[in-house]
Amino acid sequence: MRPAPRTIVVACVAAVLVIAVGIAARPLVPSLSDRESGDPDLLARVRPLLSEGVHDRVGVVEIDGDRTRFAHFGADDHTDYEIGSITKTMTGALLAEAIARGEVAEDTRLGDLVELDGAPAADVTLAELSGHRSGLPRLPGRPSDQITGGLASALGRDPYRHDHDTLVAQVAAAELSDRGESHYSNLGTAVLGYALAEAAGTDYATLLRERLLDPLDMEETFLPASETDLPPDATMGYSERGRRADPWLAQAYAPAGGVRSTPADMERYARALLEGDAPGAEAMEPRWDDGQGGRIGFAWVVDEYDGTEVTWHNGGTGGFSSMIALDREGERAVVMLGNTTTGLELPALELLTGEDS
Amino acid sequence: MDPLTLLPYAVALFLNGACALNALGLLLRSWRNKGRYRLLDRWDAAARTIDTLFWLLLALLLTPWTLLPVAVWYAVLALTAASVASAVLRWPSLPVRAQDRKATVRRVSALGTLFVLVALVAALLLTG
């Protein structure tokens with residue numbers, strides 16, 4: 001039986017609707033931008049290192065003594081990137097600076113600064129939090145946090161949109177395991193930043209601005225607490241599925257990974273660290289074994305690669321990757337920032353320690 | 001090679017394969033009047049259409065598109081659109097509800113999947 005004309009029209013409309021919605025919601029898989037700028041030699045060395053994985057915009061900073069080279073793919077010195085867990089090195093610097101000022105000590109108990117009502121975490125020290133030896137879990141262990149966090153990550157949302165009350169409740173509810181051994185903890189670094197701000201009588205963003213960013217003239221580095229804090233042309237990140245990822249905002253978990261910065265500012269940071277001028281630079285000093293053959297300071301990891309001692313930290317958010325690696329003895333540093341989740345650790349280490357470095 | 005590195009490819013193939021098979025099944029059933037593989041009633045057509053759209057959404061959200069050509073998305077999208085159109089064309093000639101034993105199961109299945117689909121879309125819209 002031949003369908004009625006009206007049925008045919010409805011069928012066509014249904015098909016067009018499915019196709020229209022499907023095209024509007026299509027996956028947008030990025031590829032490494034061919035819009036290159038910066039030092040030609042560095043560009044030539046970086047290009048093959050980015051042949052694997054998914055890349056879109058990438059910014060590279062290479063410091064060698066007094067000389068700095070930049071290389072950019074689809075970006076420039078002032079393109080903003082989420083630096084993710086490199087933020088932890090800044091929180092480590094704030095701890096070192098607070099110790100130098102006499103506000104806290106390495107063995108100050110978390111419970112002395114944050115109201116934890118005798119929870120197990122109240123007994124851990126600030127140094128343990130910064131060195132990932134507190135025994136706190138990597139992420140909040142409450143089932144509701146795990147479900148909402150996992151769902152947010154799977155959908156490309158920011159899994160860390162918690163206020164400080166929630167953070168404190170998560171820490172208070174956490175069980176400690178293997179305290180004194182190295183277990184990476186975003187939860188621990190987040191509450192460390194909160195505790196340092198409490199000790200200084202301010203909030204984390206202000207503390208970071210006053211004690212680290214302003215002294216280093218890092219004017220392009222910021223902590224967006226909400227979408228309205230992002231510039232209209234803020235760089236968009238891409239998830240491992242090639243989908244646009246929501247920006248990670250700097251709320252209670254800001255000390256663990258909430259900073260946005262640019263290659264120009266990260267050059268200032270890396271150079272100040274190399275020269276020992278950065279506030280809290282002693283955070284880089286290795287203090288404990290990291291359990292994987294390396295050493296760890298206040299967040300900084302110290303490992304040996306190809307005979308070179310490298311002080312480093314990487315970062316990753318829902319749509320960005322980053323790496324900072326310092327050869328302090330050789331007065332060299334490499335910073336790599338990208339707006340996809342493909343890791344930049346190996347390219348950065350290759351640039352710093354490889355044959356062509 | 002670490003077998004775990006193949007996992008994302010397996011996920012991608014499974015999701016898009018399931019999506020394509022659902023759409024193809026709906027398309028074929030829409031054109032058959034007899035036999036086992038046909039649409040039994042309007043609830044059956046609705047359940048299978050919603051299933052197909054649900055799998056399309058899952059494929060979009062969970063496929064690691066960095067590993068798979070985006071052309072695959074357009075292929076499953078075209079297949080889904082064709083199958084939805086076919087179901088709509090078939091709709092007037094189907095009984096509202098067949099009298100077999102599984103009629104209730106089909107109705108519950110259609111409503112259940114529709115609920116999940118709407119909840120998922122609502123969650124996406126509300127959080128994004």
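The legends below accompany close-up views of a predicted model.

**View 1. The largest nonpolar core and the helix that gives the most to it**. This core holds 92 residues, and the members that touch the most others are A:Leu95, A:Leu110, A:Val191, A:Ala195, A:Ala270 and A:Ala325. Among the contributors to this core, helix H7 of chain A, which runs over residues 186-200, gives the most, with 9 residues.

**View 2. The surroundings of A:Ala325**. When neighbours within four places in sequence are left aside, A:Ala325 is in contact with A:Val310 and A:Trp312, with A:Ala333 and A:Val334, and with A:Ala348, A:Leu349 and A:Leu352.

**View 3. A second, separate core**. This core has 35 residues, including B:Ala46, B:Leu79, B:Ala81 and B:Ala110.

**View 4. Helix H8 of chain A and what covers it**. Helix H8, residues 204-213 of chain A, is mostly covered, with 7 of its 10 residues buried; these are A:Tyr204, A:Ala205, A:Leu207, A:Leu208, A:Arg211, A:Leu212 and A:Leu213. Because these buried residues cover an arc of only 160° around the axis, they lie on the same side of H8(A). The elements covering them include helix H3 (87-100), H7 and helix H9 (254-257) of chain A.

**View 5. Chain B as a chain of helices**. Chain B has 4 helices and 0 strands, and its pattern along the sequence reads α-α-α-α. The C-alpha trace of chain B spans about 55 × 35 × 25 Å along its principal axes, and 39% of the 128 residues of chain B count as buried. Of the contacts in chain B between residues at least 6 apart in sequence, 87% join residues at least 24 apart.

Note on methods. Residues are numbered from 1 along each chain as its sequence is written. Chains are lettered from A and ligands numbered from 1 in the order in which they are written. This is a predicted model: local features need pLDDT of at least 70, side-chain atom pairs count only at pLDDT 80 or more; totals for chains, interfaces and linings use all residues. A nonpolar core is a set of buried Ala, Val, Leu, Ile, Met, Phe, Trp, Tyr and Cys residues joined through C-beta atoms within 7 Å. A residue is buried if 20 or more other C-beta atoms lie within 10 Å of its own, exposed if 12 or fewer, and partly exposed in between; C-beta atoms are placed from the backbone. Helices (H or I, at least four residues) and strands (E, at least two) are DSSP runs, numbered from the N terminus. Two residues are in contact if their C-beta atoms, placed from the backbone, lie within 7 Å. The arc is that of the directions from the helix axis to the C-beta atoms.
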